[in-house]
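Here's a quick briefing to read with the model open beside you. Start with the question below, then move on to the ligand site.

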Amino acid sequence: MASRSGDRPANSSYKLGTQKHGEKGGKGYEVHGIIRRASTFNTERIDHLYQDPHINGVRLFLHFGDMADSTNLIKLLYRIQPEEIYHLAAQSHVRVSFDIPEYTGDVTGLGTVRILEGVRETGLKAKFYQASSSEMYGKVHEVPQRETTPFYPRSPYGAAKVYAYWVTVNYRESYGVFSCNGILFNHESPRRGETFVTRKITRAVAHIKTGLQDKLYLGNLDAKRDWGYAKDYVEAIWLMLQRAQPEDYVIATGETHSVREFLEEAFSYVGLDWRSHVEIDPWYYRPAEVDLLVGDASKARRELNWEPKVKFKELVRLMVDADMAALKRRQQHDL
Ligand code: GDP
């Protein structure tokens, strides 16, 4: 199935519309991804999945498109006729959204209504998944946060996601579209974009351990996040679309840890002391911060029978291991 989850690049370009084939291994989908046109290659994180479309039996297809271009999106919906739509594309970097708020609103907010309008206009019976975000809780009204917790976004990104959340609910209630929100707390993996704090840390650990770098510059170390493993979360997303009725679900581990704790775990895992390497650069502070996120996924546990398999310590270690291995591969390749 579409494997990219919220493991998006900072300026993500993929929406995944899927069409079921026979059940031949995996979940048996033919997957169509949308990718922004660029004059340089930008598919590094899915290159291992990509095959030449001329080969028989290929099941992943990429199409040029853009969340800001509704004509193109509607054409693709007509052509692909997806049964399930996983709408993951966004300008998804919170800090960046303060620098480009209008673009973030356009792509992250209006992008969602463009697809929903496309589904309505084409009369497709596709099920629609909206990648909602724990950033919508922002200045939290309740700990832990659940489906009924009011939103209080603290960034242009969070505000755009709240808009997208409500249009998803609205198309369900107004037009009977099978549209649901997964409110996913931070989900990480070795494929996380390098400017998000987890990956920034694990990549720096690999470079520092290998002697290629000495310092790592970060912002607020006190922020707490509920970090889960993207692979577990993709399973939850898929389960939501297999239900008879569309509903909204919080997906989280229920544990919260500070950026400082992440540093401690990642550096000590390879025998380093983070205090000797980390410097604070206030540039990374945000005009308004989300101090604490921790989710209550009991609805998903009850109704989807979903549990996260990987928790904090294992997540940090698998990300450090992956960055160490990637660096070694690169160094061997350069020799
Ligand atoms: P977010 O939860 O979607 O904003 O995910 P990020 O990984 O971008 O940030 C998580 C937390 O780490 C936020 O509270 C940031 O303020 C904090 N943080 C501290 N230093 C950094 C940094 O250098 N880069 C990023 N991206 N976040 C940082």
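In which strand is Y217 found? Y217 sits in strand β8. Keep in mind that this is a predicted model. Two topics follow: the surface patch that Y217 belongs to, and the surroundings of the ligand.

**Surface patch**
- Y217 teams up with W283 and Y284 in a nonpolar patch on the surface.
- Together, these three residues have about 330 Å² of accessible area.
- Y217 has a relative accessible area of 41%, so it counts as partly exposed; a patch residue needs over 30%.

**Who surrounds the ligand**
- There are 18 residues around the ligand, and K200, G219, R225, R286 and E289 come nearest.
- By type, the shell splits into eight nonpolar, five polar and five charged residues.
- Helix or strand, two elements to look at are α5 (197-209) and β8 (216-218), each of which supplies at least two shell residues.

**Polar contacts and cover**
- On the backbone side, a polar atom of V197 is 2.8 Å from an oxygen atom of the ligand.
- G219 also uses its backbone: one of its N or O atoms lies 2.8 Å from a ligand nitrogen.
- R225 comes in with its side chain, where an N or O atom is 2.7 Å from an oxygen atom of the ligand.
- On its own the ligand has 540 Å² of accessible area, and the protein covers 97% of that.

How values were computed: Residues numbered from 1 in each chain as written. Predicted model: local features only at pLDDT ≥ 70, side-chain atom pairs only at ≥ 80, totals over all residues. Heavy atoms only, no water. Near = heavy atom within 4 Å. Polar contact = N/O pair within 3.5 Å; in protein donor to acceptor, adjacent residues only side chain to side chain. Areas by Shrake-Rupley, 256 points an atom, 1.4 Å probe, with all protein chains shown as cover. Helix = DSSP H or I, 4+ residues; strand = E, 2+ residues; numbered from the N terminus. Nonpolar A, V, L, I, M, F, W, Y, C, P; charged D, E, K, R; others polar. Patch = residues over 30% accessible without salt bridge, like charges linked within 9 Å, V, L, I, M, F, W, Y side chains within 5 Å. Salt bridge = Lys/Arg side-chain N within 4 Å of Asp/Glu carboxyl O. Buried < 20%, exposed > 50% of the residue type's maximum accessible area, 1.4 Å probe, protein only.
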